[in-house]
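Colleague: Please take one part of this predicted model and go through it closely, and then set it against the rest of the assembly. I would like the confidence of the prediction kept in view throughout.

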Amino acid sequence: MTVLTEDTGNTETRTSAAEPQQARRRRKPLGTRAYKVFRVAALVAVVLFLIAPLFWMLLASFKTNVDIYDTGKSFLFTPTGENYANVLQRNNYFVFIFNSFWVAFVSTVLSLVLGVPAAYAMSRFTMHRSALVVLMARVIPGVSLLVPWYYVFSNLKMVGGFEVLILSHMFVSLPLIVYIMMSYFDSLPLELEESAQVDGLTPIGAFRRITLPLAVSGIATAGILSFIFSWNNFMFALVLSGSKTKTLPVAIFDFVSYASIDWGGLMAAATVVTIPIMIIALFTQKYIVSGLTAGATKG
Amino acid sequence: MSVLTPPRSAHSRRAGRTPGARPGFSAWANRHRKWLFAAPAMIFVGVLIVFPLAWTVYLSLTDSQGSVRAASEFVGVQNYLTVLSDVERFWPAVGRTLSFTGVALACEVVLGMGIALLLWRPFRGEKWVRVAILLPLVATPVAVGMMWRLIFDPNIGFINQLLGMVGIPPQPWLSGQDTALGTTIFMDVWQWTPMVVLILLAGLTSLSEEPDEAARMDGANAFQRFFFITLPLMMPTVIVAILLRGIDALKTFDILYATKGKGGGSFHEVETLNVYAYGLSFDYNQYGLSSAVLILFFMIIIGTMWLLTMRKKAVSK
C-alpha cells in the first residue's frame, strides 16, 4: 500500500515538475479553486444535515414545555434539567437503562461464544451452504418469528423474563457476528495456523492460541455492532418484554401513549437512549466502520 | 512441508489421524472440529428459524385467531385468497412497501455516492465529518422517530418554522394523509445514507488509481471519469449496498410504528407489509391471515434479493 502511494506521488511530482504547463491545463476544466469551495460548502451542508436534528433534540430536552411551544425561544431559552430529573427519577429510567444494557451485554457475549467458532469453521472449510442458513436469519421478517415464539414462550411462562429477550436478541446478533467474523477469518492467512500445527499444536490448539488472539479486533468489531443493534432493537422487546424487563426503546414508545405528549420529557428520554450508544460509537469508530463494511468490497 | 509429511502421518495414524492430537476426547474433537464449531450456532439458528417458519406456514393454512391456543381449523389456501383479493389493506401495503424501499434506496444511493466522492480524497477535519456520519447510523430508531415527530410537528416543529421564514405555508408532514409516507422516507434517508456512504467509501478506497489516472491523461473531465470509469468499477459495491440496505428497508418497522403507531396511522398512510403483519398478529390477533401476509412478504424479499444477486453476478463479470 505505502509503496503504491509513494509511487503515484512520485509520478505526480515528476510530471508537474517537468511539464508544469500541461499539469495546469489538465486541471483547468475542473476549476480547482471553485471545486475546493464547492467541496467545503457541500461537506458543511452534509454535516449540518446529519447533526442539526440531533442538536435540536438535545436543545428541546433542556426546555420546559412552555418554551418548546414558543417558537420565539428556539435557540434562546433558560435551560432546565427538569425533564431529565423527571425521566430518570419519576419514570424509573435507571431500571430500563439497566435492562437494555443487560440484555445487550448477555446476548452479545453468548452470540460471540456461539458465533466466533462457527464463523471460523465456515470460513476455513468454506461451508457456504451452512453460512447461508445462518445468514437467512438476517432476511426473515421478525414478525414471522414472533408469533410462534410468543406461543411457545408464553406456554413456558417465560414471556416477561430476561431469557426470552436475550434469546430473541441473539437471533439478530448471531448472524451479524457470523457474517462479520467470516469475512475477518477469510482475511487471516492460513499459513500461520499451518506452521503452528507443524510445530505440534492441535488444530483446535492452533485456533485457540494463534487465530483467536489475531482475531481480537475482528471480535471487538462484531461485539460492538451486536451490542448496538441489540440496544436499538424495538420490535422483539415490544412483544416479549414485560413490565420488569422493559428496554429503553419500548419505554420511549410508551411515553407517547398518553393523550398529550410531554415533548420535553420525550426528548430527554430519547437523548438518554441515544447518548450512551453515541459515546460508544465515538470511541470505537474504527471498528464500527470496518464491521458495517465487512465483506462489502469483495467480489 | 513435503519432507515433514511422512513422520507426521505415521505419528498421527496412532493418534487418530490428526497431527499432534492427543488420543481420546481431544483427538475426537480435533477430527470433528468442523461440525463441533459450526453446529451449536447452526442448531440455535435452525431451531429459532426453521420451527417458527414451518409454524408460520402451517398457521397461514388455518383460521387461527383470537388466541394462539384457541382451536383452529385447516382452511387450505383460503387465507391467501383473502389476502390476495384484499385491495383495501394488502395491496396498498405492498405498494407502500415497494415505494418506500425504492424511493429511500434511490435517494440513499445517489446521496451516498455524492458524499462518498466528497470524502474520497483526504482533507483537513476529515475526522469530524466521519464522526458526523456515524452518529445517525447508531442512533436508536425509535428515538430518531420521536425526534423527527417534534421537528416535523405542524404547529411547533422547526421545519415549518424554517419554511415560514421563507414564506412557505406550514405543511402537515407526518399528520398529512399524502405527506406522511414521504416524511418517513426522509427519516430513513437521514438515518441510513451514512451506511451507504461507508460501504461506497470502502469500495472507492479499494479501487486502483490507474484507470482514473489514464483517463485523466487522455483528457477526460471529472464527469466523464466518474460515469465511464469510477461508476462501472463501483457497480458491484453499489449493488452490495443496495442489497444490504434493501433488505432492511423492506422490513422497516421501528420508525413507522414510532411515528404513526398502530396500523400505520388512522388512514393506514404509512402501513407497509411489516407494519400490517405486525398489526394483524399483535393488535388484532388474526394469526392465520397475518401468517399468509408474512409468507407473501417473505417471498417478495427473497425475490428482490435474488434479482439483485443475479444483477451483481452479471455486473461482476
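Modeller: Two residues are taken to be in contact if their C-beta atoms, placed from the backbone, lie within 7 Å. On that basis, among the contacts in chain A with a separation of 6 or more, 77% join residues that are 24 or more positions apart. Chain A contains 16 helices and zero strands, and 44% of its 299 residues count as buried.

The part I would single out is helix H15 of chain A, residues 263–283. Its 21 residues span 30 Å from the first C-alpha to the last, close to the 30 Å expected at 1.5 Å a residue. Even so, H15(A) bends by about 30° at Thr274(A), and a proline, Pro276(A), follows within four residues. H15(A) is also mostly covered, with 15 of its 21 residues buried.

A helix in chain B makes a useful comparison. Helix H11 of chain B, residues 222–250, has 29 residues, yet its end C-alpha atoms are only 35 Å apart, short of the 42 Å that a straight helix would reach at 1.5 Å a residue. H11(B) bends by about 55° at Met235(B), and here too a proline, Pro236(B), follows within four residues.

Two loop residues deserve a similar look at the backbone. Most residues other than glycine have a negative phi. Lys157(A), however, has a positive phi, near 55°, and is found in the loop between helices H8 (142–155) and H9 (162–187) of chain A. His268(B) also has a positive phi near 55°, and its place is in the loop between helices H12 (254–260) and H13 (273–283) of chain B. As for their surroundings, a residue is buried if 20 or more other C-beta atoms lie within 10 Å of its own, and exposed if 12 or fewer do. Lys157(A) counts as exposed because it has 8 C-beta neighbours inside 10 Å, whereas His268(B) is buried because 21 other C-beta atoms lie within 10 Å.

Turning to how the chains meet, 83 residues of chain B are in contact with 83 residues of chain A. On the side of chain B that touches chain A, the largest share, 18 residues, comes from helix H3 of chain B, residues 33–60. By class, that side has 61 nonpolar, 15 polar and seven charged residues.

Within chain B, the division is into domain 1 (23–60) and domain 2 (80–316). The centres of these two domains of chain B, taken over C-alpha atoms, are separated by 34 Å. Four residues of domain 1 of chain B are in contact with six residues of domain 2 of chain B, and the domain 1 side of that meeting has two nonpolar, two polar and no charged residues.

Finally, the confidence you asked about. Chain A averages a pLDDT of 82, and 87% of the residues score at least 70. Confidence in chain A is highest in helix H12 (residues 216–232), at 93, and lowest in helix H1 (residues 2–18), at a mean of 39. Over residues 1–29 of chain A the pLDDT is below 50, and beyond near neighbours in sequence this stretch has six contacts in the model. Where pLDDT is low, the predicted coordinates should not be read in detail.

Technical notes: Residues are numbered from 1 along each chain as its sequence is written. Chains are lettered from A and ligands numbered from 1 in the order in which they are written. This is a predicted model: local features need pLDDT of at least 70, side-chain atom pairs count only at pLDDT 80 or more; totals for chains, interfaces and linings use all residues. The expected span of a helix is 1.5 Å times one less than its number of residues. The bend at a residue is the angle between axes fitted to the seven residues ending there and the seven starting there. Ala, Val, Leu, Ile, Met, Phe, Trp, Tyr, Cys and Pro count as nonpolar, Asp, Glu, Lys and Arg as charged, and the others, Gly among them, as polar. pLDDT is the predictor's confidence in each residue, from 0 to 100. Domain bounds come from an automatic or database domain assignment.
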